[in-house]
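The exercises below are meant to be worked through with the sequence and the structure in view. Try each task before reading the solution that follows it.

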Amino acid sequence: MAFITINKENFYHNLNQIALKTGSADKIAIVLKDNAYGHGLELMAKLASEFGIKHAVVRKKAEADAIRSLFQTILVLGDTIIKDKVCSFAINSLEDIEQAQKGAKVELKVDTGMHRNGIALDELEEALRSIKEKGLELIGVMTHFRSADELSSELFWQQKRFEAVKESVKNAGFTNIRFHSYNSAAILRMKSFDEDLVRVGIGAYGYSELPVPFDEAPLKPVLTLYAKKVATRVLKKGQRVGYGGDFTAPKKMTVSTYDLGYGDGWCRGDSSKPYITAEGLPVLGRVSMDFIALESDKEELCVMNDAQEAAKQFGTISYEITTALNSDIEKSVI
Ligand SMILES: *Cc1c(COP(=O)(O)O)cnc(C)c1O
């Protein structure tokens, strides 16, 4: 089977870089949704907890249940809102408040401009009133930036709106509320940080999709993907490889099949612009469901050690490359 190694040192390096920005590891909430961006939910939760991270963010309650002993708080972004000791639940709409279980811990998401989730600014008063009436425990208020990773002033007007939201929440008499709006791009680009929490996903895993002009913290990729050899053959000049025979051997060459394919979540791509592995080998012909062909006879090959670099080759972003990787690919910590 293809396998993944997780570089603990690099993960801790990234968390340290972010802690330097927040001033403390206590202010980091590690985002572990979607199998920790493909890195392995329980494994990454354990490492983060050992580092001293006390807060986590996931999508579903089931993910929170798998790691609940490791964190003080776990924010569940999108699931049924119920009463729970460790979990708080994001409120994404006024209907969410109606359907929430009495006594549940909630964090109100306010739409300051992304127009994806969260209550509208002019619904804020009503939302706060309903939260009180319904007997929910409001522990946080949050927003999400639509353009934290772009060179523009967009982030700043959203921030300004969120400052006004904070005032309204305080004026409504709520206390002990944690306010948070920053994701990785925001914490990496901003010089100052004065909120209670930063929700860090991609940055912790070693990537930044910020454009070059931001002088950001150096991050190191955490995940490396390897494939194992299945079979080797010597091709004669003119013999063709794989489905459709898209690759023709230009000379006599030694070619092996390796056990990674789109069934494992590896990108199929376009065989006319073959992916070049971390070791500099172009994938020969089409990617199969479970196999790729490479000119090598090594037992194991490193297919990728930098998802951002791979993403460039496939015309996508690092997030998509790592989250697509199947959760059953074996992982070990190095
Ligand atoms: C996924 C997510 C994050 C993390 O974003 P990164 O860009 O990976 O740091 C933060 N906040 C919310 C609400 C999210 O859904």
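**Exercise 1.** In which loop is Ile-177 found? Decide also whether Ile-177 counts as buried or exposed.

*Solution.* Begin with the secondary structure of this predicted model: Ile-177 is found in the loop that runs between helix H7, residues 154-171, and strand E8, residues 178-180. Next take the accessibility, for which the cut-off for a buried residue is under 20% relative accessible area. Ile-177 has 10% relative accessibility and therefore counts as buried. Finally, look along the chain to Leu-138, which is 39 residues apart from Ile-177, and note that the C-alpha atoms of the two are separated by 7.1 Å.

**Exercise 2.** Locate Met-114 in the chain, and work out why Met-114 falls into its accessibility class.

*Solution.* The first step places Met-114 in the loop that joins strand E6 (105-109) to helix H6 (124-134). In the second step, the class in question lies between the limits of 20% and 50%; Met-114 counts as partly exposed because its relative accessibility is 27%. As a last step, compare sequence and space: Met-114 and Ser-147 are 33 residues apart along the chain, and their C-alpha atoms are separated by 8.4 Å.

**Exercise 3.** Describe the setting of two strand residues, His-55 and Leu-301.

*Solution.* Start with His-55, which is found in strand E3, made up of residues 55-58. With a relative accessible area of 11%, His-55 is buried, and its side chain makes a polar contact of 2.6 Å with the side chain of Thr-73. Then turn to Leu-301, which is found in strand E15, residues 300-304. Leu-301 is buried as well, since its relative accessible area is 2%. The C-alpha atoms of Leu-301 and Gly-261, which are 40 residues apart along the chain, are separated by 14 Å.

**Exercise 4.** Examine the backbone of helix H2 at Asn-35 and at Tyr-37, and state the phi value of Asn-35 and of Tyr-37.

*Solution.* Recall what to expect before reading the angles: most residues other than glycine have a negative phi. Asn-35, in helix H2 (residues 33-37), departs from this with a phi near 55 degrees, a positive value. Tyr-37 also lies in helix H2, and although Tyr-37 is not a glycine, its phi is positive at about 55 degrees. The accessibility of each residue completes the description: Asn-35 counts as partly exposed because its relative accessibility is 22%, whereas Tyr-37 is buried, with a relative accessible area of 7%.

**Exercise 5.** Which residues surround the ligand, and how much of the ligand does the protein bury?

*Solution.* First list the shell, which consists of Val-31, Lys-33, Tyr-37, Leu-77, Lys-109, His-144, Asn-183, Ser-184, Arg-199, Gly-201, Ile-202 and Tyr-319. Sorted by character, the residues of this shell divide into five nonpolar, four polar and three charged. Second, look for individual polar approaches, among them a polar side-chain atom of Tyr-37 that lies 2.5 Å from an oxygen atom of the ligand. A polar side-chain atom of His-144 lies 3.5 Å from a nitrogen atom of the ligand, while from Gly-201 a backbone N or O atom lies 3.0 Å from an oxygen atom of the ligand. Third, consider the surface: taken alone, the ligand exposes 390 Å², of which the protein buries 93%. The space that the ligand takes is the largest pocket.

**Exercise 6.** How many helices and strands are there in the chain, and what percentage of its residues count as buried?

*Solution.* Counting the elements gives 10 helices and 16 strands in the chain. Turning from elements to residues, 51% of the 334 residues of the chain count as buried. To finish, the extent of the C-alpha trace along its principal axes is about 80 × 40 × 35 Å.

Notes:
Residues numbered from 1 in each chain as written. Predicted model: local features only at pLDDT ≥ 70, side-chain atom pairs only at ≥ 80, totals over all residues. Heavy atoms only, no water. Near = heavy atom within 4 Å. Polar contact = N/O pair within 3.5 Å; in protein donor to acceptor, adjacent residues only side chain to side chain. Areas by Shrake-Rupley, 256 points an atom, 1.4 Å probe, with all protein chains shown as cover. 1 Å grid on protein atoms, 1.4 Å probe; cavity = no way out; pocket = protein on both sides within 12 Å on 5 of 7 lines; lining within 4 Å. Sits in = over half its atoms within 2 Å of the grid points. Nonpolar A, V, L, I, M, F, W, Y, C, P; charged D, E, K, R; others polar. Helix = DSSP H or I, 4+ residues; strand = E, 2+ residues; numbered from the N terminus. Buried < 20%, exposed > 50% of the residue type's maximum accessible area, 1.4 Å probe, protein only.
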